[in-house]
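Subject: Structure handover and notes

Dear colleague,

I am passing the structure on to you with this message, and my notes on it follow below. Please read them with the coordinates open.

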Amino acid sequence: MCEEKYCKDRAENGTIPAVPGIALLDENHLKGLGIDEAHGWTEQQSKAGEIRAAKQCRPLILGKHLRQVSETHCAISKPKSPATGAFWRLRRFYFLFAPILALVCLVLATPLRADTISGTVKDPSGAVVIGARIELTGGNLSQLLLLASDESGRFVAANLSAGKYSLRVAKEGFDDLVTTVDLQGTADLALKLTITAQQTSVTVNEKSTAFANSDAVYRQLRNDGLSDTFRCENFTLPIDVGTFELKSGTITLLGPVNKFETGAVFVGRGHFALKPLATLDTNEMARRAGSPTAEEDFTEVVFRFSPDQFSQFTAVLGTRADTPTEASTAFQHWKDKVRHRHELPEGLTQAFLESETIDNVDADVLAAIYNPKHPPFFNAYMHGSPHKDLRFFLRMRGGAIPQIDSPEEVALVNCNGGGMDDGIWYSQHLKSELQAHTASSQQDKRVFATRRYNIETVIAKNDHLFSRATITFEPLVPGERVLKFALLPTLRVTRVSGEGGQDLHFIQENRKEDGSFYAVLDEAPSMGQAHAITVEYGGDKVLSNAGSGSYYIGARESWYPNLNGFGEKALYDLTFKVPPSNVLISVGKLEGQHTEAGFAVTHWVTPVPIAVAGFNYGQYKKIDFPDTITHYEISGYYLADLPDSLRRFESGALGGMAPGAMTKYALDQARAQMQLCTLYFGKGPYDNIYITEQPNFSFGQSWPNLVYLPISAYIDSTQRWMLFGHIDSKFTGFVQEVTPHEVAHQWFGHGAGWASYHDQWLSEGFAEFAAALFLQQAVGPKWQKDYIEFWERQRVRILEKNNFGISPNDAGPLWLGIRLISPRSGQAYQGVTYSKGAYVLSMLRSLMRADIGSGGDPDQAFIDMMHDFMERHRDTPASTESFKAVAEKHMTKKMDLQQNGRLDWFFREWVWGTQVPRYSFKYELQPAEGGKFKVQAEITQSEVDENFAMFVPIFADFGDGMVRLTQVGIAGNSTKTYNFVLDRKPKKIALNVYKEILER
């Protein structure tokens, strides 16, 4: 979800005018570069890349291959590396290979007889393996018969007699495969190799795969049908703030599983109502549903629940009835809905609910069956009028909608694809918590806590990924046996094993269905102790070849089994084996590297717990960039060649690209920003940072000590003009902001994480503010123009109305985060979370800033606050409430408007509210005694309610640029007059010169 992404589509729309002699980016090409989409890589392009990669897999000329191996060894291996012996063994194998091929040719030249052994050699992902060595012994063979698999992975051994044969398949980078064949005529074998990883192998065998989706209780749940039916008249079922009225019809129970009731189907006439308690939720309901309460008539509803919730239905189980066919139809429709995943989601709710953590409801019920004390949950899926798929969730652990990183237990979601009312209508804490004022974003809803990930990964030459991940965890709820992970559905699990090496049951349905990954423990782990499981998996869609040695990296949060996403921090120990032509840059610190069996092996370890692990990959060149002030270790990685998407500009607009020089420029920006962030926010959480180029055109991202910058950040302003055919100020702004923004995420997002989607503005908004700070403090004496333009861009992003007449600010308050997105307000999340979030911090800085003549650093109170904020949240995610408490600790006396030591007024206006004032300003200047000048200023604030209050800064220009004089307070829709005296005559006096206070 969102996650650390910084993708701002600034220059995408419309036809770009042509300039004679210059190849321009057209709209469709821009979309292909990723300006309209975060990753800019469609499934069709990805498949085409796979086909292209497969066609390029040809047997190498022996001499050339030897040179590659030798050069790799010299470049990567350390002296006396353990890989040295493997390298020389590899050399001997290739010298022997020529006579082997000659022998194969002689064998194949003999006439064929009836008895034949043939086969196809594939890797664990199903891709064919070319040039595998096949050794055949036994039967009528007097000596070893050697074969090699061809370009389709095929081999044939003919002219054999009946009998028993032994067949061994060998290929560099794979474990040897040995099998026996009792030949009686013709045998065609399907042979699947396993990748050799450092101290690991990805094993696929019948025994292991037999544990997939085969847990006996899970199979019962998956195949469950209908059971007894009862008449239902005027039955009311209250569930927290929601109420179900089953007016007339039947209720049919699902078949009991392990003697537990886990679901029911109602068909007939019913009504559902949900009335929010809080004003903010009422307003959001009105925006979404068109009414302050949700009211829905339904004709069918499927209930699924933990067994302890069945008691709520016992009162309705009276007179038995025949099961209507409508109940079977309704249950089948439910299966079709919840067991189907749209790979290209039609709307936001599909994107949320059908992500890599899509609910497998049967697996969720399984957890409750295996643990009678499992935290209760209750799901209702309504088919009514006018909404065909309205879903109500109550989940006591993990959150009602775990996909949005929130501890809120109750939710109502309208799943309407691309419909205008699609979205999350309600998401909130329990009614009892709201009434008791105990609801908090910092509630821990995890079932298990992750302590460590040990992941060994192989990236094959066809870009497929194979991994073995050992996850060390600790249970937080007694009795739990089912762990749910986020894992890209195209990565297929082949085996899950326990600490003793025993196979464990696991669940992973088809990737186009409810294909989330769950591991099932044999018994509940003991509380207060660390436990571990190991997961072996492989597949594609993590890497997409962008051409010329560059790769798009997808599934950045789910390329490994991720237990709790950004909700916690853990230690990572990561080993990667990749083809030596490519370089892999990972989170953590590089602890060692060597070559092994034709692969480049690197080992990375995180010195401190982090929230997420990732890597970048391609034919990178490295530049180290020292920082003698803060002593951070800074390195840059760049791509020497353009990706395929930009190759057509190689002889034109981008012909003069200097990626090395632009990398030094990006590193200079990164170094300056790290120095600035250290000054304003405290020591960074990591001692090293890698700044890496990626082929995405307008998408940047920041992982712990690893920054992904778009290739557009490596294109200078002249080249951008040649690409677009004009100077695009919005895209220029993006390029100015992206590096300092992403570097700042080392502090905001990774140093201090966020507690829930409500609080993500503390990451994105603060990083955006830090980009503004960079433009003000780190670009030299002529900073004013860029700084003012930055805040003007933010103001426009917040207040500019779209084709529906809705601005991002109109969509709702900053507090709603990702839920601001709707079919009518697609840019609301970025406009509010990024831009308004930045403004909130900017306005706090302005409020805390000392007036002219006060002495010392005017930002010192603000700096102290931000240092305190970072220290308090190094190990605990930050919430809006916890940041508010820090701000209240450091606020100035003037800021205490309510004389209660709290900033309720400020957060009510800017975080939980949507009002934005308009200001007008005029002044008169008159001579005063002693050569001084008297200023009479008049400020008018409008378009707010009577309780809205703000302090606005006043500036004066005495000939050397604008300097801040003071700030003045004003409340409601009113006009205030202020008089003050200046020692010298100003050229001009103005209000809010640097746009740091949000106004219309």
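I begin with a single tyrosine: Y551 has a relative accessibility of 7% and, because buried means under 20%, Y551 counts as buried. Please keep in mind throughout that the model is a predicted one. Y551 belongs to strand 28, which covers residues 550-553. If its neighbours within four places in sequence are set aside, Y551 is in contact with D463, L543, S544, N545, A546, N582, Y617, G618 and P695. As for Q619, that residue is 68 residues from Y551 in sequence, while the C-alpha atoms of the two are 9.0 Å apart in space.

For the protein as a whole, the secondary structure amounts to 20 helices and 44 strands. The protein has 1000 residues, of which 58% count as buried. Among the contacts with a separation of 6 or more, 69% are accounted for by residues 24 or more positions apart.

Turning to the aromatic side chains, a search of the whole structure yields 62 aromatic pairs. One of them is formed by F244 and F272, whose ring centres are 4.8 Å apart and whose planes stand at 50°, so that this pair is classed as tilted. The pair joins distant parts of the chain, since F244 lies in strand 12 (residues 242-254) and F272 in strand 13 (residues 263-274), with their positions 28 residues apart in the numbering. F244 is buried, at a relative accessible area of 0%, and F272 likewise counts as buried, at 0% relative accessibility. A further pair consists of F305 and F313, where the ring centres are 5.4 Å apart and the planes are at 25°, so the pair is stacked. F305 is buried with a relative accessible area of 0%, and F313 is buried with a relative accessible area of 1%.

Two arginines are placed over tyrosine rings. The charged end of R481 sits over the ring of Y370, at 3.8 Å from the ring centre, and R556 lies over the face of Y708, at 3.9 Å from the centre of that ring.

The last topic is a helix packing. Two packed helices are described by the angle between their axes and the distance between the axes. Helix 17 (residues 828-848) and helix 18 (residues 860-872) pack at an angle of about 130°, and their axes are 8 Å apart. Helix 17 and helix 18 are therefore oblique to each other. On the side of helix 17 the contact is made by L841, R845 and M848, and on the side of helix 18 by A861, F862, M865 and M866. Sorted by class, the contact of helix 17 with helix 18 has 6 nonpolar residues, no polar residues and 1 charged residue.

Helix 17 also holds S842, and I would ask you to look at that serine separately. Is S842 buried or exposed? At 2% relative accessibility, S842 counts as buried. Not counting residues up to four places away in sequence, S842 touches F769, W791 and E996.

With best wishes

Terms used. Residues numbered from 1 in each chain as written. Predicted model: local features only at pLDDT ≥ 70, side-chain atom pairs only at ≥ 80, totals over all residues. Heavy atoms only, no water. Phe/Tyr/Trp six-rings, centres within 6.5 Å; stacked < 30°, edge-to-face > 60°. Helix = DSSP H or I, 4+ residues; strand = E, 2+ residues; numbered from the N terminus. Buried < 20%, exposed > 50% of the residue type's maximum accessible area, 1.4 Å probe, protein only. Lys NZ or Arg CZ within 6 Å of the ring centre and 35° of its normal. Axes fitted to C-alpha atoms, helices over the stretch in contact; angles between N-to-C directions. Parallel < 35°, antiparallel > 145°, perpendicular 65-115°, else oblique. Contact = heavy atoms within 4.5 Å. Nonpolar A, V, L, I, M, F, W, Y, C, P; charged D, E, K, R; others polar.
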